[in-house]
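User: I am new to this structure and would like a close look at a single part, with the rest brought in afterwards for context. Please take your time and explain each step.

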Amino acid sequence: MFSSFFHFIASVVLAAGAAGYWYIAGGITIEAASEIFLGVFLAASPLPFIVSRLLIALRIKRRLRDSAIVCSRVGALTELLHVDTIAFNRNGTLTEGNVFISALVPEGMTQGSLLALAASAEREAAHPYAHALYDTAVQRGLHLQRHSAARETESFGVEALIARTPVRVGKKEWLQEENIEISAALLTRADQLATSGQTPLFVSSSKYARGIIAVRDDIRAEVRRALQSLKERGLSLILLTGETKRLANATGKELKISEVRSDLTDADKAREIRLLQSRGSVVAMVGDPMSDQAAMRAADISIGCPSSYEKPVTDAPDETPHDPLHEELLRGPNGDESASEIEPLMSPEDAAYFEAQALRNQGHSTNFTPDITLDSEGLPSLVTLWDTCNAARARAKQNRLLSTLFLLTFTLASAGVFTALDAAILPYSFVGGALVLLLIFLIVNALRK
Ligand SMILES: Nc1ncnc2c1ncn2[C@@H]1O[C@H](COP(=O)(O)OP(=O)(O)OP(=O)(O)O)[C@@H](O)[C@H]1O
Ligand SMILES: [Cu+]
């Protein structure tokens, strides 16, 4: 856009220069000088270049008509060709989006009570892990306790007050920061679980870890192939994830990605991207438009991977219309009176505590649309998009070359440079006609099969 503007200014200056020269040195009339001005201006105009750029985006768009890939910024399609690094998150983008509990490791309690404790804390949490814990507990018919307040911390976990006791579910590092005691046995077990591709969630009540719940969301086979294809196309890949180092490394190994950054919040991911950019990389970020917002804004191109988590449930629409546990929880302690869930019993101190914490979590705004949104296939459709853009690149090159040739020869001819060789000054009507022909040719060339 900027360069087109300068190109335009340059063409005006050039035209004025040529007309001025002939008016003064050649002694021609003002009418003849304006005709020279017009001729040079038409020959040197940026129009063919602007048209070429738009046509390429149009070509790509037409090619993508049959796929469900959505592009909300047309320029992104041509800019995609300059990208050399693809960054992506793990959960939802690389994985099935099907989270399940793969191990329950309680310490000093039963598996059931460990899960019930964690699920009680996760009741209203939004993370897919929270849903998995809660849904499994409900399916098993476990008795959940009501919490008086809960707070979900991005990238760390959830904290809830249950019967005035703080219960936490989340990352080891976070619990350790809160001075929660974790036994050596649990720590070892967690490392084993993470190395085998699972996410160990620590559950603590008061100041002690009560066990681990391991959740799992496996890598999709198509994603492995897609990443391989992207690598073959000369792109650098980098995994930016909120998961812990062990799991991230296991994922990297499984997918043969050497660049892996773990334990990142959204803001950390954005910082990693800026770091890559400062080294000259042009980065596209594939992620979740909700939870990777800052990273996607920082990237040169943001690509939304329609998270499998958000898939509308079409398979079983009328299964479990209401969960029995929910109703049980709504019933008061006497079994008859309906206790309100919306107004939890919270002491003013608790309320103040959680209010202060909640304020720190309010960074995200919800209305962010990525430049490009992949189809339900997710990452594999990026390969299709890339190939389409790349195929268009050859056509773009031809058109640019032709436009440049036109500009050089017609500018010189209409400025009268060839009069030195006894040629006449090219009249502006001729230049105009040639320009129209050129534009028609560009259109045909860009859009033909
Ligand atoms: N509600 C929650 N309950 C338990 N653990 C949580 C919760 N929210 C976050 N965590 C912990 O924080 C970690 C990172 O979460 P985060 O949302 O940042 O990453 P992610 O989106 O799951 O992964 P990626 O960055 O690859 O997409 C999780 O692995 C989990 O250990
Ligand atoms: Cu996705």
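Is Asp-268 buried or exposed?

Analyst: Since this is a predicted model, every value below is computed from predicted coordinates. Asp-268 is buried, because its relative accessible area is 19%, and the limit for calling a residue buried is under 20%.

The partner of Asp-268 is a good place to continue. The side chain of Asp-268 meets that of Arg-271 in a salt bridge, with 3.4 Å from N to O. Both residues belong to helix α11, where they stand three residues apart, or about one turn of the helix. Arg-271 has a relative accessibility of 47% and therefore counts as partly exposed, so this salt bridge joins a buried acidic side chain to a partly exposed arginine.

This pair is part of a wider arrangement, for Glu-259, Arg-261, Asp-268, Arg-271 and Glu-272 are linked in a network of salt bridges. Within the network, Glu-272 pairs with Arg-261, and their closest N and O atoms are 3.2 Å apart. Glu-272 sits in helix α11, which covers residues 266-278, while Arg-261 sits in strand β10, residues 259-261, so this pair ties together parts that are eleven residues apart in sequence. Glu-272 has a relative accessible area of 11% and is therefore buried, whereas Arg-261, at 24%, counts as partly exposed.

For context, the model has 16 salt bridges by the rule used here. One that lies outside the network just described is formed by Glu-159 and Arg-168, whose closest N and O atoms are 2.9 Å apart. Here Glu-159 is buried, with a relative accessible area of 3%, and Arg-168 is buried as well, at 5% relative accessibility.

Helix α11 also leads to the surroundings of ligand 1, because Lys-269, whose number falls within the residues 266-278 of that helix, is among the closest of the 21 residues that surround the ligand. The others named as closest are Asn-89, Asn-91, Glu-122 and Thr-241. Some of the contacts can be followed atom by atom. An oxygen atom of ligand 1 is 2.6 Å from an N or O atom in the side chain of Asn-91, and a nitrogen atom of the ligand is 2.5 Å from an N or O atom in the side chain of Glu-122. Glu-152 contributes a polar side-chain atom that lies 2.9 Å from a nitrogen atom of ligand 1. On its own, ligand 1 has 610 Å² of accessible area, and the protein covers 95% of that area. Several elements take part in the shell around the ligand, including α6 (128-139), β6 (165-170) and β7 (199-205), each of which supplies at least two residues.

A second ligand is held in another way. The copper ion, ligand 2, is coordinated by the O atom of Gly-92 and the SG atom of Cys-305, at 2.4 to 2.5 Å. Gly-92 lies in the loop between β2 (85-88) and β3 (100-106), and Cys-305 in the loop between β12 (301-304) and α13 (324-330), so the pair ties together parts that are 213 residues apart in sequence. Gly-92 is buried, with a relative accessible area of 3%, and Cys-305 is buried too, at 2%.

Two residues in loops deserve a look for their backbone. Ala-163, in the loop between β5 (157-162) and β6, has a phi near 50°, a positive value in a residue other than glycine. With a relative accessible area of 58%, Ala-163 is exposed. Asn-179, found in the loop between α7 (172-177) and α8 (184-195), likewise has a positive phi, near 60°. At 62% relative accessibility, Asn-179 counts as exposed.

Finally, the UniProt record, an unreviewed entry, lists residues 5-24, 36-56, 401-421 and 427-447 under "transmembrane region". In the model, residues 5-24 are 100% helix and 0% strand, with end C-alpha atoms 29 Å apart. Residues 36-56 are 90% helix and 0% strand, and their end C-alpha atoms are 32 Å apart.

Key: Residues are numbered from 1 along each chain as its sequence is written. Chains are lettered from A and ligands numbered from 1 in the order in which they are written. This is a predicted model: local features need pLDDT of at least 70, side-chain atom pairs count only at pLDDT 80 or more; totals for chains, interfaces and linings use all residues. Side-chain values use heavy atoms; hydrogens and water are left out. A salt bridge is a side-chain nitrogen of Lys or Arg within 4 Å of a carboxyl oxygen of Asp or Glu. Buried means under 20% relative accessible area, exposed over 50%, partly exposed in between (1.4 Å probe, protein chains only). Helices (H or I, at least four residues) and strands (E, at least two) are DSSP runs, numbered from the N terminus. Donors are N, O and S atoms within 2.8 Å of the metal (3.2 Å for Na, K and Ca); water is not among the atoms, so sites may look incomplete. UniProt positions are given in the numbering used here, feature names are shortened, and annotations may be inferred rather than shown by experiment. A residue is near a molecule or strand if one of its heavy atoms lies within 4 Å of it. A polar contact is a pair of N or O atoms within 3.5 Å; within protein, one must be able to donate a hydrogen and the other to accept it, and residues adjacent in sequence count only if both atoms are side-chain atoms. Accessible areas come from the Shrake-Rupley method with a 1.4 Å probe; for residues, only the protein chains shown count as cover.
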